[in-house]
Amino acid sequence: MTKKLAIGMFQNGRARGTWKIPGREHEPNFTDLDYWIDLARKCEAAGADFLFLADSYGYPTLGGTVVPTAVERDVQFSTVDSQMLMSALAAATSTLGLVTTVSTMAEKPPIVARQYRTLDHLSKGRIGWNIVTGSAQAGSALLFGEPLMPHDDRYALADDHVQLSLKLWEGCWADDAFVRDAATAVWADPERVREVVHDGPFFSSRGVLVTPPSPQVTPTLFQAGASSAGRELAATYAEAVFLAAESKALAEQIGDIRRRSEAKGRGRDAVKCLIAGTFRVADTEEEAIAAHEAQIAEISLEFAATTYAYFTGIDLLSLDLDKPMPASAADTDNGRTNVERFLGPDAPTVREILEEFRANGVMGKPFLGTVEQAVDQALALIEETDADGFLVQPDPDGGHDLFFEKVMPELRRRGVIKDDLPGGTLREHLFGEGQARLPDTHPGAAFRQEARTFA
Ligand SMILES: Cc1cc2nc3c(=O)[nH]c(=O)nc-3n(C[C@H](O)[C@H](O)[C@H](O)COP(=O)(O)O)c2cc1C
C-alpha cells in the first residue's frame, strides 16, 4: 500500500459502557472535563490525525415520544454538547486535529461560521466541522417544536447553509484585510472587508463575519450521512467523509463519492473516505472472538431495535421479523443511510437487520483477532473499498487504550500511517504540508474576493 492512511478517533458526548461495569460505575466519564482532556492527550501522543466528537440533539423516538428503553438503558440518549468541549481540548493539545458535529438544522450559518472560526483561532488551525442534517431527526424536530422536514429538503437546506457559511468564511475578509497597524491606527481595511450577499432558498444574509481570518480560514469540512443526497453533499463540499457499512456497500459508496467529486471538477481524491472501524484485539484469536461474543450476548433485541429507531425512526419490532423491511416502512424522513443499506435484491430479513445491530451496531463488522489478524483484515478492507483511512471506534469499555497500545504501533510498523503529522493545521494533516487553505477546486474558493462574482 503506497498511501498513508488517515487515523481519526471516534467518541461522542455520550456516556459509554463504563457506568455498568462492576467496580467502575463512578469512574470519571462524559460529564467530567478531565476525561475528555485525558482522551485528547492520548490521541495526540499516539499520533492520530484527529479526535472526532459526534453530536446530535436527537434521541430515539417512536410515534412521537421517547422510547423507554433509550432512557432505561441509555441507548443514544444522554449527552453533553460536544462543541463546548472543543476549546478546552484545544488548550490541552497542540498538534491533534479536533472535529465536531453541528447539524445544519440546529444552528444558522452565521452562528456556525463564528463558532468554528473562533475554534480555528483557539486551536491554531486544527478544527473540523462535521456537516450533518442530523440523526434522530423526528426527536430533534419535536424538541425544537418544528415539523419534520422531508429528508431531501433537509439536504437542500444543508447545501444552502454551507454556501452561506463558505461565503462568510472565504468572502468577508481578503487575505490582506486584517492590517492591525498601530502606526497608522488602522485595524482593518474597509475596502477589503466586505459584506456577503446571499439570497438562497432557505437563508438570506447581508453582513460580515466579524471574526478575522483564522489559520485555515474555512475549517476542514467533514460529512457523515451516506444516503444518495448525503453523498451528493459530500462530493460537493466535504474534504473527508465518515462511512459505516459492510465492504460491498462501502466500496459502492466510496466509488460513487469519487465519481461525483470528479464530475464536479474537484478530482477523485478530493474527499478522504474514512471507514468507521472497530478493532477488537486480544492475545489470541479465540480470546478476541469470545470477548466479542460475550459483549453481543449482553445486547437485547430491544436494545438493538432502539438503536435502529434512533437512526431511522423505524420500529423493527413492529414488523414481520422473517421478511425484508416492507417498502412502506422504509419510506422514512429520518436518516436514510441505515434504511438504504438494507434494501435491494439481497435485502436481509428484519430479524437479520436486528441481529446485525446487536452484533455490530451501526458501525459494521469489527476487525477481530490478534493484533496482526485485525490489522490484516483492516488493510484488506482498505484495498477492497479504496478507502483512505479509519475513524476508529472505542473499545467496549468506552476507551481507545488497546488501539493506542497495540494497533497503532502495528500500523506504524507496517508503514501504512504517517510517522509525523504534516503541517500544523488539520487540513495539512490530511492533505499535506502547505495545504492549510481550501484548494482552488473547492466551491468555497469561488467566494474569495479575488474570485467572487457575487456583490
Ligand atoms: C461514523 C459516523 C459518524 C456520524 N456522526 C454523526 C453525528 O455526529 N451527528 C449526526 O447527527 N449524524 C452523524 N452521523 C450520520 C447519521 O448517522 C445519519 O446518517 C445522518 O445524519 C443522516 O443522513 P442520511 O439521511 O444521509 O443518513 C454519523 C455517521 C457515521 C457513519
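**Close-up 1. Ala 136 lies in the loop that runs between strand 6 and helix 5.** This is a predicted model. Most residues other than glycine have a negative phi. Ala 136 has a positive phi, near 50 degrees, and is a residue other than glycine. Its relative accessibility is 3%, so Ala 136 counts as buried, the limit being under 20%. Thr 133 sits in the loop between strand 6 (127-132) and helix 5 (137-144).

**Close-up 2. Thr 133 is buried and has contacts with residues far along the sequence from its own loop.** The relative accessible area of Thr 133 is 4%. Neighbours within four places in sequence are left aside here. Beyond them, Thr 133 touches Ser 103, Thr 104 and Met 105, as well as Arg 154, Tyr 155 and Ala 158. Thr 133 and Asn 334 are 201 residues apart in sequence. In space, their C-alpha atoms are 9.7 Å apart.

**Close-up 3. Gln 137 is found in helix 5.** Gln 137 is buried, at a relative accessible area of 4%. With neighbours within four places in sequence left aside, its contacts are Ser 103, Met 105, Leu 148, Arg 154 and Asn 334. The buried residues of helix 5 are Gln 137, Ala 138, Gly 139, Ser 140 and Ala 141. Their cover includes strand 3 (61-62), strand 5 (97-103) and helix 6. Just after helix 5 comes Gly 145, with a positive phi of about 70 degrees.

**Close-up 4. The ligand has 24 residues around it.** Those that come nearest are Thr 101, His 151, Tyr 155, Ser 227 and Thr 337. Three polar approaches can be picked out in this view. A backbone N or O atom of Asp 55 is 2.8 Å from a ligand nitrogen. On the side chain of His 151, an N or O atom lies 2.5 Å from a ligand oxygen. A backbone N or O atom of Arg 336 lies 2.8 Å from an oxygen atom of the ligand. The ligand on its own has 610 Å² of accessible area, and the protein covers 93% of it. Strand 2 (50-54), strand 6 and helix 6 (151-171) are the elements that give two or more residues to the shell. By class, the shell has 12 nonpolar, 10 polar and 2 charged residues.

**Close-up 5. Asp 38 and Lys 42 meet in a salt bridge within helix 1.** Side chains of opposite charge can pair when their charged atoms come close. Here the N to O distance is 3.3 Å. The two residues are 4 apart in helix 1 (residues 33-46), so about one helical turn separates them. Asp 38 is partly exposed, with a relative accessible area of 39%. Lys 42 is partly exposed too, at 31%.

**Close-up 6. Glu 170 forms a salt bridge with Arg 448.** The closest N and O atoms are 2.8 Å apart. This pair links distant parts of the chain, 278 residues apart. Glu 170 is in helix 6, and Arg 448 is in the segment after helix 16 (426-431). Glu 170 is buried, with 2% relative accessibility. Arg 448 counts as buried as well, at 10%.

**Close-up 7. Arg 260 and Glu 232 form a salt bridge.** Their closest N and O atoms are 2.9 Å apart. Arg 260 lies in helix 8 (residues 247-263) and Glu 232 in helix 7 (residues 228-237), so the pair ties together parts 28 residues apart in sequence. How buried or exposed is each partner? Arg 260 counts as buried at 19% relative accessibility, because the limit is under 20%. Glu 232 is partly exposed, at 32%.

**Close-up 8. Asp 386 belongs to a network of salt bridges.** The network links Lys 3, Arg 258, Asp 269, Asp 386 and Asp 388. The count for the model comes to 32 salt bridges. Asp 386 is found in the loop between helix 14 (371-385) and strand 14 (389-392). Asp 386 has a positive phi, near 65 degrees, in a residue other than glycine. At 34% relative accessibility, Asp 386 counts as partly exposed.

Definitions and conventions
Residues numbered from 1 in each chain as written. Predicted model: local features only at pLDDT ≥ 70, side-chain atom pairs only at ≥ 80, totals over all residues. Heavy atoms only, no water. Buried < 20%, exposed > 50% of the residue type's maximum accessible area, 1.4 Å probe, protein only. Contact = heavy atoms within 4.5 Å. Near = heavy atom within 4 Å. Polar contact = N/O pair within 3.5 Å; in protein donor to acceptor, adjacent residues only side chain to side chain. Areas by Shrake-Rupley, 256 points an atom, 1.4 Å probe, with all protein chains shown as cover. Nonpolar A, V, L, I, M, F, W, Y, C, P; charged D, E, K, R; others polar. Salt bridge = Lys/Arg side-chain N within 4 Å of Asp/Glu carboxyl O.
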